[in-house]
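Me: I am new to this model and would like a close look at a single part of it, the sheet of one chain. Please go on from there to what touches that chain.

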Number of protein chains: 4
Amino acid sequence: MQLGMVGLGRMGANMVRRLAAHGHECVVYDRSADAVAELAKVKGVTGASSAEDLVSKLTPPRPIWLMIPAGVVDHSLAEFVPHLKSNDILIDGGNSYYIDDIRRSKDLSPKGIHYVDVGTSGGVWGLERGYCMMIGGENEVVQHLDPIFQAIAPGPGDVPRTPGFDNIGGTAEQGYLHCGANGAGHFVKMVHNGIEYGMMAAYAEGLGVLKGANIGKHTEEIDAETTPLRDPEHYQYDFNLPAVTEVWRRGSVIASWLLDLTASALAEDPQLSKFSGRVSDSGEGRWTVKAGIDEGVPIPVLTTALYERFSSRGLAGFSDKLLSAMRYEFGGHLEKPATK
Amino acid sequence: MQLGMVGLGRMGANMVRRLAAHGHECVVYDRSADAVAELAKVKGVTGASSAEDLVSKLTPPRPIWLMIPAGVVDHSLAEFVPHLKSNDILIDGGNSYYIDDIRRSKDLSPKGIHYVDVGTSGGVWGLERGYCMMIGGENEVVQHLDPIFQAIAPGPGDVPRTPGFDNIGGTAEQGYLHCGANGAGHFVKMVHNGIEYGMMAAYAEGLGVLKGANIGKHTEEIDAETTPLRDPEHYQYDFNLPAVTEVWRRGSVIASWLLDLTASALAEDPQLSKFSGRVSDSGEGRWTVKAGIDEGVPIPVLTTALYERFSSRGLAGFSDKLLSAMRYEFGGHLEKPATK
Amino acid sequence: MQLGMVGLGRMGANMVRRLAAHGHECVVYDRSADAVAELAKVKGVTGASSAEDLVSKLTPPRPIWLMIPAGVVDHSLAEFVPHLKSNDILIDGGNSYYIDDIRRSKDLSPKGIHYVDVGTSGGVWGLERGYCMMIGGENEVVQHLDPIFQAIAPGPGDVPRTPGFDNIGGTAEQGYLHCGANGAGHFVKMVHNGIEYGMMAAYAEGLGVLKGANIGKHTEEIDAETTPLRDPEHYQYDFNLPAVTEVWRRGSVIASWLLDLTASALAEDPQLSKFSGRVSDSGEGRWTVKAGIDEGVPIPVLTTALYERFSSRGLAGFSDKLLSAMRYEFGGHLEKPATK
Amino acid sequence: MQLGMVGLGRMGANMVRRLAAHGHECVVYDRSADAVAELAKVKGVTGASSAEDLVSKLTPPRPIWLMIPAGVVDHSLAEFVPHLKSNDILIDGGNSYYIDDIRRSKDLSPKGIHYVDVGTSGGVWGLERGYCMMIGGENEVVQHLDPIFQAIAPGPGDVPRTPGFDNIGGTAEQGYLHCGANGAGHFVKMVHNGIEYGMMAAYAEGLGVLKGANIGKHTEEIDAETTPLRDPEHYQYDFNLPAVTEVWRRGSVIASWLLDLTASALAEDPQLSKFSGRVSDSGEGRWTVKAGIDEGVPIPVLTTALYERFSSRGLAGFSDKLLSAMRYEFGGHLEKPATK
């Protein structure tokens, strides 16, 4: 079946490759003409030079998949809508806020244009592994796109079937799921990423404790500002972190794909010296917290994981200064200089 | 090779079965004579009726593996030591605090008895999957026990090799690792469990947000005590949690064994009605926090995950009453009755 | 000067009393005719029977102060606006979300009606102590209302002047402050309440630790699920919490008005037996978190304090069940029954 | 009455001045002969040149108060004990871990030497305001020292009496309290400081949110890594933090001594430019967390406040690098450079 793909970055281009490999016909567009030309070399892929051009090269009803930064989706929709007709389908496969999906589907509805939101997980590995997709939209429209989702999804692979799967059924086992009405796909993806933040923080904090387990080997001065380590003999371990993460990959309760990636990064460089530790956050973590608060569901672990990223970027600076200022005011405590 | 196994609960008995299947000769002891008799039916397994009896049935140097609650290890050691000789080996495969390992190995050293601490992960699934082992002790002693560890461990299985594994080498890929001197095994296992708490909390909180995503369907009264939900139309989703956890198992960034288990539990009963939500904690989480504090490594996610378990058991009760009392004092706020 | 007061609950009625005592003329309205009649007995206070009646009894430009739940402010504004003229002033003294203030002031602007948002702190003690006010709105309008604010505010009282106050100046020392444009008053009040949550949690948690300091006196069973308390001799204290909070009131770094109230509550009943520990949250805490997230400012302490309130009301229930379900799946762990 | 004071830093010297002003006779000792000479100029104060000298200048039973860093108390005790006799009293007024108090009192007991632990709050302001004291030790010994405590304590001052104080009675109203057996004083002081961490964090975080309330004025670039601020018009406030903290001092629910100090620091320099934001922690916060964990009392707010201090000193560095490494592995995300 036909699909228009807009945005040929890491993920968009690889999706097109998977689709073409499954025999689907793709028309592709990107702001970069080079990216279009490169991908148009693949069999079954046609390049387009503009929104209008892409639309004209597809047969109605046209499914057009946007794989672009969330911040420019509204702009891109405005480019396409004038060229579309009733029953055409716009698919947002990026990381939009689900609240925008609800708004957009309402705005497009009077024109008869359908909107589908697809949360996509898989990162740079999707070409090889396939992409896990969480989908929101109208039943018939999502059903219509099923061949597309099937081609992009990982399929069951060699992941063992869940006991009791007969109670679930459906496409979940294939790696894609129609989660509900518009916004449902990005809602589930949002929470997925919120969980991801929490899991990443769990590994990072735990490995930080292992890394610090040799602190008893360092001598420390005694002063009134800092309590000395009481039992330095309990912290004499120099752990081999690449080996530890490797052993956890086999049979342990905390085995996961994120752990595989962590082991891989540590195997390459146990000191991670090419990273400075400034950790970005891309929206879903923030939105997950707002959803938890609106619902009254306590999510301190996910929230704290988000805040760790803020702090890693130095955003706690003024609050930290205030703490120092208070300590100076009541106790005359001076800040200690940074140690290298 | 020979091994004495003490404690024939879920994990101890299954380890003996794995060892026997690999051709090792086991002498087993448990407070329950029935458990001993049952396991002695397995080929290669001999029952013992007491600590002394178990020791007498092994040829020096004897390796004796304790697979018993951490709280009774010292008691059990006291039972065995009088019957042991120099070069015998006591192995603690349970969940001891690594600080106890350091003490015990020092206490046993003058008698020439060796001590090995083994953190073991795998739960009820170990018989089938093997047990991931984190080991602390003297080099030669751990080396001597290698055939035992090899039999209990999962082996590489079908887990893909980590890129860059050549930089790691050793036994990690087999699912067991000599982590360092005495206590190192349980230290790494402690942190492993700390991470486990964090990951579990991440999934539990995220799924809680999905569960609450239909809150906009419930009407809420307006009063001065509670802010109304501003946008009920954003919370109209009834998510199918078994299907969502299932789809995440394939290709998503948060795939893991814990997720497999979660999907399995939800497939069986999406409401989890047989659980009340009182969550135990068994020590390692607490110790991980203490280690993080001693090291000065911030671990708010792991700590908060621990505290969620405390709260789930009602342990925040007095603090909560204090909050209500303060609100009453400054604002005349009365507590709202529990809603069903 | 004249003021219309709408909403004669705890705070509204007491403000009218303070205003009347300062010689201001008040026209008052409430859904409860009894409340109106009761307050109209005070010298200088006139009752009104409807929005229209209240408006008709004031001379333009009319300042009308709403002291009503945030959830009904829009409804009340709709009642008043048809009767108002250009240059009349609507004041929201309740706990509105500052984002609503921004919207309302924009909506009212074409009609020439001014809007002022006033965050008010003081609780049930305001009649005696005065109310601390944080004000948002246009400069001239706020300036015009200065006599009103002066009457309601505490004034400098016997609080010592801040060293360096000359660098600040203005009305802050009187207990009221024009914080900025529309919304600024409720923004500052929102953060004020966020801080309040954090401080309350700090006291509540700390006193919870003091309360639990006798845990070493209780015997505990040993099992594989729970780690025993290692050093019961360290937890043998039965602290007198009323006396402890009392002593902290004098000279300690943590002295505060919230501590005064806590000491008072504990003096009356050290067990706080009339409270169940279900703690409400009224909006500002939630909004503070959303603001912190939008700004990228990490506020884990304030957020965690909010979540403690959610948990106190049983809102973590499904997440807790998930944790139990996972523990059962990987370890066969059964939940322990609640202990009384 | 007589008292030996050891350690003439900020707090020790000021305590001697308060004692001398109340007519008590002090013999003082410090490693710095200059400090001794300086204080010996005060009427009623005698200098000593060594531990032995100090002991010889007091009449048995001698009370000797140590006001020195917690890390050197054991060393100092070892210096004094050989010169003491049965019924002499050693008082630790510093920030010792209460567990050390329990040990020390046991060790000194066979010699008939009494030990008293005194947690002291008041910082650099104690000379003027008096010190709030939390005391642990034997009833008769604490009773014997009552005149000393009375002189050092703030007394009731102008703090209003707590309603229901008749139910409390005792010395709490004077600003000192015998909390229980040995260790009880430092236990209560430990929790006091834990609460202090939480309160300080509450103010610091909240003020951080106010500081960031103008973020909508800054333009932000759109990329796939960062979600743009959705409603910049909601974050257009430039708050006057010195004025805001000042207004909260009067009549608000969050008024406190820490707020007074914060207002003072901000009045002097609203940017706090002389502070870098590296915040020390001196032991009690860490111990409070360990106590909460041992007791099973959840204290996430206090713990998170402690971790914020760790993070402010850069101690989360390796964990942050791990997060960046994971993001790079699964998504090819590159770290964004620090912005100035």
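Reply: In this predicted model, eight strands of chain A form an open sheet with mixed pairing, in the order β3-β2-β1-β4-β5-β6-β7-β8. Strands here are DSSP runs of E with at least two residues, helices are runs of H or I with at least four, and both are numbered from the N terminus; two strands pair if DSSP finds at least two bridges between them. Because β3 (45-47) and β8 (176-180) of chain A stand at the edges with a single partner strand each, one side of each is left without a neighbour in the sheet. From one strand to the next the twist averages 25 degrees, where axes are lines fitted to C-alpha atoms, for helices over the stretch in contact, and angles run from 0 to 180 degrees between N-to-C directions.

At the β8 edge, strand β7 (residues 132-136) of chain A pairs with β8(A) in the parallel sense over four bridges, and M133(A) stands opposite Y176(A) there. Helix α4 (residues 73-80) of chain A packs on the sheet, touching β1 (2-6), β2 (25-29), β4 (63-66), β5 (89-92) and β6 (114-121) of chain A, and its direction makes about 155 degrees with that of β4(A); contact means heavy atoms within 4.5 Å. Helix α5 (residues 98-108) of chain A lies across β5 and β6 of chain A, running at about 155 degrees to β6(A).

As for how the values were obtained, local features need pLDDT of at least 70 and side-chain atom pairs count only at pLDDT 80 or more, while totals for chains, interfaces and linings use all residues. Residues are numbered from 1 along each chain as its sequence is written, chains are lettered from A and ligands numbered from 1 in the order in which they are written, and side-chain values use heavy atoms, with hydrogens and water left out.

Turning to the neighbours, the contact of chain B with chain A takes 93 residues from each and buries about 7600 Å², 69% of it on carbon and sulfur atoms; buried area is the accessible area (1.4 Å probe) that two parts lose on being put together, summed over both. Y237(B), R250(B) and V253(B) supply 10% of the area that chain B buries against chain A, more than any other three residues. Across this interface of chain B and chain A there are zero salt bridges (a side-chain nitrogen of Lys or Arg within 4 Å of a carboxyl oxygen of Asp or Glu).

The contact between chain A and chain C takes 20 residues from each and buries about 1800 Å², 70% of it on carbon and sulfur atoms. In chain A, I293(A), P298(A) and Y307(A) lose the most area to chain C, together 37% of what that side buries. Two salt bridges are counted between chain A and chain C, and K290(C) forms a salt bridge with D294(A), the closest N and O atoms being 2.6 Å apart. On the side of chain A that touches chain C, α12 (284-295) and α13 (300-312) of chain A each supply at least two residues.
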